[in-house]
Every structure is written in C-alpha cells, then in structure tokens.
Amino acid sequence: MSRTEPPSPLPQGRVDVALGHERASLILVGEVDVVLVPDLHTAIDHVVSAGLPVDVECAELTFIDSSAVGCLSLLAQSVPERPRVLDAPPMLDRLLRITGIDALPLMEP
C-alpha cells in the first residue's frame, strides 16, 4: 500500500487597512476570493467611515475573483472620490476589462 501526502493547504489571502492623515489604504494580499468577502466588507466599512480618499494597494495580490471585484465596485460607489488602484497585477486589469468595470467611472487607474 502506497502512502500519499495530504494536499498542501491553499495559499491564504488577507485584507488589511491602513489609515493615514490624508488617505486610507485597502491592502489586498495573496488570494482574495469569496472566502475573504466578509473581511473585505469589514475593511471597506473601515475605509469608508474614515472619510478619506482611498487607495487599493495590489502589489502583493496574487489572485482575485469576481466576488471580490464586486466588493471593489461597492467601495467605489461608497466614497465621494474614486479609489486609486495601485500596482494592479495584469490579471486584475484583465478581470476589470472583461467585466466592463474599467469602463465605468468608478476606479481610477
């Protein structure tokens, strides 16, 4: 009988918030998908309640699904100034283009 190793755990993602004096940052790290939507909603509530312009920092983002992109659309509709998406990986740009969100005046590149 051969022994097989258990599957390795899926890479984890996380959502962080950083509040500065002039801007709030929503920081997306790793795989941001439907599992993190509750965390993403909580983080969005924090940055919206800060009343500051928002940056969505994506330098460490490795994956994002449509449910998380939908949350970003919600963020964009909840703040007076369009959020800036910083360091978006090509797959996020592609997903925004495929869904047509990039054509909406919601997110500033």
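In what order do the elements of the protein chain run from the N terminus on? The order is β-β-α-β-α-β-α. This is a predicted model.

## Overview

The protein chain holds 3 helices and 4 strands. It has 109 residues, and 37% of them count as buried. About 6,800 Å² of the protein chain is exposed, with carbon and sulfur atoms supplying 56% of that area. Contacts often link distant parts of the sequence. Among contacts in the protein chain with a separation of 6 or more, 71% join residues 24 or more positions apart.

## The core

The largest nonpolar core has 26 residues. Those with the most contacts inside it are Leu26, Leu28, Val32, Leu40, Ile64, Leu75 and Leu92. Several elements contribute. β2, α1, β3, α2 and α3 (90-99) each supply at least two residues of this core. In soluble globular proteins, nonpolar side chains tend to be buried together.

Leu92 gives a view of the packing. Not counting residues up to four places away in sequence, Leu92 touches Cys58, Leu61, Ile64, Val69 and Val85.

## Helix by helix

Two of the helices can be set side by side by length and span.

| Helix | Residues | Span, first to last C-alpha | Expected span at 1.5 Å a residue |
|---|---|---|---|
| α1 | 14 residues | 20 Å | 20 Å |
| α2 | 13 residues | 18 Å | 18 Å |

Start with α1, which covers residues 37-50. Its buried residues are Val37, Leu40, Ala43, Ile44 and Val47. Why do they sit on the same side of α1? They cover an arc of only 115 degrees around the axis, and this puts them on the same side of α1. An α-helix has 3.6 residues a turn, so residues three or four places apart point the same way. The face of α1 turned away from the buried side carries the exposed residues Pro38, Asp45 and Ser49. The cover over the buried residues of α1 includes β1 (14-19), β2 (24-32), β3 (54-64) and α2 (66-78). After α1 comes Gly51, with a positive phi near 70 degrees.

Next is α2. Its buried residues are Ala68, Val69, Cys71, Leu72, Ser73, Leu75 and Ala76. What covers them includes β2, α1, β3 and α3. So α1 and α2 appear in each other's cover: α2 is among the elements over the buried residues of α1, and α1 is among those over the buried residues of α2.

In α3, the buried residues include Leu92, Leu95 and Leu96. Their arc spans only 100 degrees around the axis, which puts them on the same side of α3. Turned away from the buried side is a face with the exposed residues Pro90, Arg94, Arg97 and Ile98. The buried residues of α3 are covered by elements including β3, α2 and β4 (84-86).

## Strand residues

Val17 lies in strand β1. Is Val17 buried, exposed or partly exposed? Val17 is partly exposed, with a relative accessible area of 33%; the partly exposed class lies between under 20% for buried and over 50% for exposed. Leaving aside neighbours within four places in sequence, Val17 is in contact with Ser25, Leu26, Ala43, His46 and Val47. Among these partners, Ala43 and Val47 are buried residues of α1. Val17 and Glu57 are 40 residues apart in sequence, and 9.8 Å separates them in space, C-alpha to C-alpha.

Glu31 is placed in strand β2. It counts as partly exposed, at 23% relative accessibility. Glu31 and Glu60 are 29 residues apart in sequence and 9.2 Å apart in space, C-alpha to C-alpha.

## Cysteines and a loop residue

How many disulfides does a search of the whole structure find? The search finds 0 disulfides. Cys58 counts as buried, at 1% relative accessibility. Cys71 also counts as buried, at 4% relative accessibility.

Asp87 lies in the loop between β4 and α3. Its phi is positive, about 55 degrees, although Asp87 is not a glycine. Most residues other than glycine have a negative phi. Asp87 is exposed, with a relative accessible area of 59%.

Note on methods: Residues are numbered from 1 along each chain as its sequence is written. This is a predicted model: local features need pLDDT of at least 70, side-chain atom pairs count only at pLDDT 80 or more; totals for chains, interfaces and linings use all residues. Side-chain values use heavy atoms; hydrogens and water are left out. A disulfide is a pair of cysteine sulfur atoms within 2.5 Å. Buried means under 20% relative accessible area, exposed over 50%, partly exposed in between (1.4 Å probe, protein chains only). The expected span of a helix is 1.5 Å times one less than its number of residues. The arc is that of the directions from the helix axis to the C-beta atoms. Contact means heavy atoms within 4.5 Å. A nonpolar core is a set of buried Ala, Val, Leu, Ile, Met, Phe, Trp, Tyr and Cys residues joined through side-chain atoms within 4.5 Å. Accessible areas come from the Shrake-Rupley method with a 1.4 Å probe; for residues, only the protein chains shown count as cover.
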